[in-house]
Amino acid sequence: MRSIFFPIALSLAAQAAAAPPLRVEIDYELDRNGTAVAEIVHRLEHDKKTYTLRETWQGKGVFALAGTAERSSRGAIATDGLRPVEFEDRRTGRQTRRASFDAAVKSPTLERQDQLSMAWSFAFSPPRGTVSVRVADGKHVTTYTYMVAGRERVTTPAGEFDGLKLVKQKDNPQAKSTEIWLAADRDYLPVRVLIIDKDGTRLDQRATRISPP
């Protein structure tokens, strides 16, 4: 199971100043149609030049039988976000997937993201308007388009935040929908991701703890 994870104008100066703490950890709970199915932890460490991201995934209840998952991303920090160099996805019962990026390529950061770095790249460079993102998962490269859908209060177990909401544009009416909320009052950290599949299944990933508080 994948965890994944705007009418507003943000000034270029605000974008350049955006950056999460040097070390931050976010715990999430993943619900499937209202039932908790997994606990997810994201850990970010950076020195304003390079970054390391790690995600661990542990199923809850009967879903614990699915085993564990661990993803990692590392790379450089540019003025327009994160530039991954290496991505790895390890899951119980499946061959490890890896994606490598050429550090010498100077393409825009959103043209070279992995599944873990994407939402965190927005934390370093908050989006404006509509953005297209090319995301690698170690097997495929897929282009997603997100639109800034405005600001709204978003409530999670970790607290209530001034949320900058991003909505993925659908290729067709039957495609799954994805919405991401970044906490504008907490360094644009990703605090909620909601995915609604074509059959109506809802996967809701919400922050339960942010450290440091």
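## Charged and aromatic pairs: worked exercises

In this predicted model, Arg-209 has a relative accessibility of 32% and therefore counts as partly exposed.

**Exercise 1.** Determine which acidic side chain Arg-209 meets in a salt bridge, and classify Asp-27 as buried or exposed.

*Solution.* Begin with the contact itself: the side chains of Arg-209 and Asp-27 form a salt bridge, with 2.9 Å from N to O, which lies within the 4 Å that the rule allows. Next, place the partners along the chain: Arg-209 belongs to strand E13 (residues 202–211) and Asp-27 to strand E1 (residues 23–32), so that the pair links distant parts of the chain, 182 residues apart. Then turn to accessibility, where buried means under 20%; Asp-27, with a relative accessible area of 18%, is therefore buried. Finally, look at the surroundings of the pair: Asp-27 and Arg-209 are linked with Glu-25 and Arg-43 in a network of salt bridges. In total, the structure has 17 salt bridges by this rule.

**Exercise 2.** Find the salt-bridge partners of Asp-89 and of Asp-137, and state where the second pair lies.

*Solution.* Asp-89 pairs with Arg-91, their closest N and O atoms being 3.0 Å apart, and both Asp-89 and Arg-91 are buried. For Asp-137 the partner is Arg-97, with 3.9 Å between the closest N and O atoms. Asp-137 sits in the loop between strand E8 (130–136) and strand E9 (141–156), whereas Arg-97 sits in strand E6 (residues 94–100), so this salt bridge ties together parts that are 40 residues apart in sequence. As for accessibility, Asp-137 is buried because its value is 13%, while Arg-97, at 22%, is partly exposed.

**Exercise 3.** Classify the aromatic pair of Phe-122 and Tyr-146 from its ring geometry.

*Solution.* A pair of aromatic rings is described by the distance of the centres and the angle of the planes. The structure holds one such pair: the ring centres of Phe-122 and Tyr-146 are 6.4 Å apart and the planes stand at 75°, and because an angle over 60 degrees counts as edge-to-face, that is the class of this pair. Phe-122 is part of helix H2 (residues 117–124) and Tyr-146 is part of strand E9, so the contact ties together parts that are 24 residues apart in sequence. Both Phe-122 and Tyr-146 are buried.

**Exercise 4.** Identify which ring has Arg-192 over its face, and at what distance from the ring centre.

*Solution.* The ring is that of Trp-181, and Arg-192 lies over its face at 4.5 Å from the ring centre, which is within the 6 Å limit for a charge over a ring.

Notes. Residues numbered from 1 in each chain as written. Predicted model: local features only at pLDDT ≥ 70, side-chain atom pairs only at ≥ 80, totals over all residues. Heavy atoms only, no water. Helix = DSSP H or I, 4+ residues; strand = E, 2+ residues; numbered from the N terminus. Buried < 20%, exposed > 50% of the residue type's maximum accessible area, 1.4 Å probe, protein only. Phe/Tyr/Trp six-rings, centres within 6.5 Å; stacked < 30°, edge-to-face > 60°. Lys NZ or Arg CZ within 6 Å of the ring centre and 35° of its normal.
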